[in-house]
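Let's take a walk through this model together, from a single residue out to the spaces and charges around it. Have the viewer open and follow along.

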Amino acid sequence: MKQKIGPGDIDSISRRLIFIITMLLIVMMAARTPMDSDVWWHLRSGQVTVESGKPLTMDVFSYTRENQDWVNHSWLAQVLLFGANQFGSYTGLALWVVVLAVVSLTLVYLQLKGAAWWRSLLVILAAVAIAPVWSPRPQMISLAFLAGLSWLTKKWREGELRGLWTLPILFLIWSNFHGGYSLGFLLLVGFLVGQVVDHFLGNKVQVLPWQELKVILIWSIMAFLAVAINPNGVKMWTIPFETVGVDSLQQYIQEWASPDFHDPTQQPILVLIFLLIGSLGLSGLRVSAVEWLTCGGFLLLALMSRRNIAPFALISLPLISVHGWAVLEAG
């Protein structure tokens, strides 16, 4: 006897089909020949680490600083990049980008609200905004970790606090892959400070009890301490500030400069900004301090540096989806 397919089954199948098509489009956008100039010294660093059997923590490439200490915050990612190149040459490096792009945007997709077509549209828009920074570099891992942490904080706000003990493990791994772990702490600070502000403002929606916030704070401190479990030791705590403080980065390296909105490849971020402002203004829904602080903070970073456009897109998309869908439903 044949089983009948009901409307609910058809809706479920259509949602899955839209998700699969969306991810296939992401794969097509992310699969490319590695063209970033930074790829080659990352590959060479990974090779030296593998051949020597220990992380590369001194400069062996430059003439003026030969054998000087080097805080190589991406040493483990370099090993994986070297392995991908050894395994499949350009194809292996392209696969690196594809996998991390799909993982990042899948974790964001899971946080979105609204119909499948709406979530798909937003993810594709975010992909267009992020695509210029997709390359076989360690920062791709930071985007995946940031998306994962954003998903975790969403679960916390919904009252699901199981697995908090994994937070130090997450940051231990993240800090050995890339110095972008600092983005994770910016998100945690925005979450915790926002929760405190929401308490004082009397916002009762998705506000956690003080005791639960205390537990999250304790595990966040443990995560900060775990960052030092690294070949670079406690120097990993200061490397984000030291990197940002290098004036030549903003002056001579494009990805550290502010966005140039005359460049068509950087204009999709404007669409995201307009969607964020427009949906917040028209939805009629209350915006929590957590949402203001996290989205506002990452927007400020994106306007200061092009390399932060991708983190802003990942963090802002869930908020755009909620308020934008409310506007569409009201219309």
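**A walk through the model**

Ser 288 counts as buried, with a relative accessibility of 3%; buried means under 20% relative accessible area, exposed means over 50%, and partly exposed is in between (1.4 Å probe, protein chains only). Before going further, a word on the ground rules: this is a predicted model, in which local features need pLDDT of at least 70 and side-chain atom pairs count only at pLDDT 80 or more, while totals for chains, interfaces and linings use all residues. Residues are numbered from 1 along each chain as its sequence is written, and side-chain values use heavy atoms, with hydrogens and water left out.

Back to Ser 288, which sits in the loop between α11 and α12. The helix names come from DSSP runs numbered from the N terminus (helices are H or I, at least four residues; strands are E, at least two). Setting aside residues up to four places away in sequence, Ser 288 touches Arg 157, Asp 198 and Asn 203, where contact means heavy atoms within 4.5 Å. If you want a sense of scale, try Ile 239: 49 residues from Ser 288 along the chain, with 32 Å between the two C-alpha atoms.

Arg 157 turns up again at the second largest pocket. Along with Gln 206, Glu 291, Pro 318 and Leu 319, Arg 157 lies nearest the centre of that pocket, which has 24 lining residues. The elements giving two or more residues to this lining are α5 (139-157), α7 (181-201), α12 (289-304) and α13 (309-330), and the largest share, five residues, comes from α13. By type, the lining splits into ten nonpolar, eight polar and six charged residues. Here Ala, Val, Leu, Ile, Met, Phe, Trp, Tyr, Cys and Pro count as nonpolar, Asp, Glu, Lys and Arg as charged, and the others, Gly among them, as polar.

The pocket's volume is about 550 Å³. Pockets and cavities are both found on a 1 Å grid over the protein atoms alone: a cavity is a set of points where a 1.4 Å probe fits but cannot get out, a pocket is an open set with protein on both sides within 12 Å along at least five of seven lines, and lining residues have an atom within 4 Å of a point. Grid points are joined across faces, edges and corners, and a volume is the space filled by probe spheres set on the points.

How many cavities of 30 Å³ or more are there? The count comes to one. The largest cavity has a volume of about 30 Å³, and its lining includes Leu 100, Ser 104, Ile 130, Trp 134 and Leu 314. Helices α3 (75-109) and α5 are the elements that give two or more residues to this lining, with the largest share, four residues, coming from α3. Eight of the lining residues are nonpolar, one is polar and none is charged.

Two of those names, Ile 130 and Trp 134, are also among the residues that touch the most other members of the largest nonpolar core, which has 83 residues. Helix α3 gives the most to this core, with 13 residues. A nonpolar core is a set of buried Ala, Val, Leu, Ile, Met, Phe, Trp, Tyr and Cys residues joined through side-chain atoms within 4.5 Å. Phe 312 is on that list too, and beyond four places in sequence its contacts include Ile 269, Leu 272, Phe 298 and Leu 299.

Now for the charges. Side chains of opposite charge can pair when their charged atoms come close. With a salt bridge taken as a side-chain nitrogen of Lys or Arg within 4 Å of a carboxyl oxygen of Asp or Glu, the count comes to six. One of them joins Glu 255 to Arg 137, with the closest N and O atoms 3.0 Å apart. This pair links distant parts of the chain, 118 residues apart: Glu 255 is in the loop between α10 (247-252) and α11 (268-283), and Arg 137 is in the loop between α4 (116-130) and α5. Glu 255 counts as buried because its relative accessibility is 18%, and Arg 137 is buried at 9%.

Glu 255 also forms a salt bridge with Arg 307, again with closest N and O atoms 3.0 Å apart. Arg 307 is in the loop between α12 and α13, 52 residues from Glu 255, and both residues are buried. Add Asp 38, and you have Asp 38, Arg 137, Glu 255 and Arg 307 linked in a network of salt bridges.
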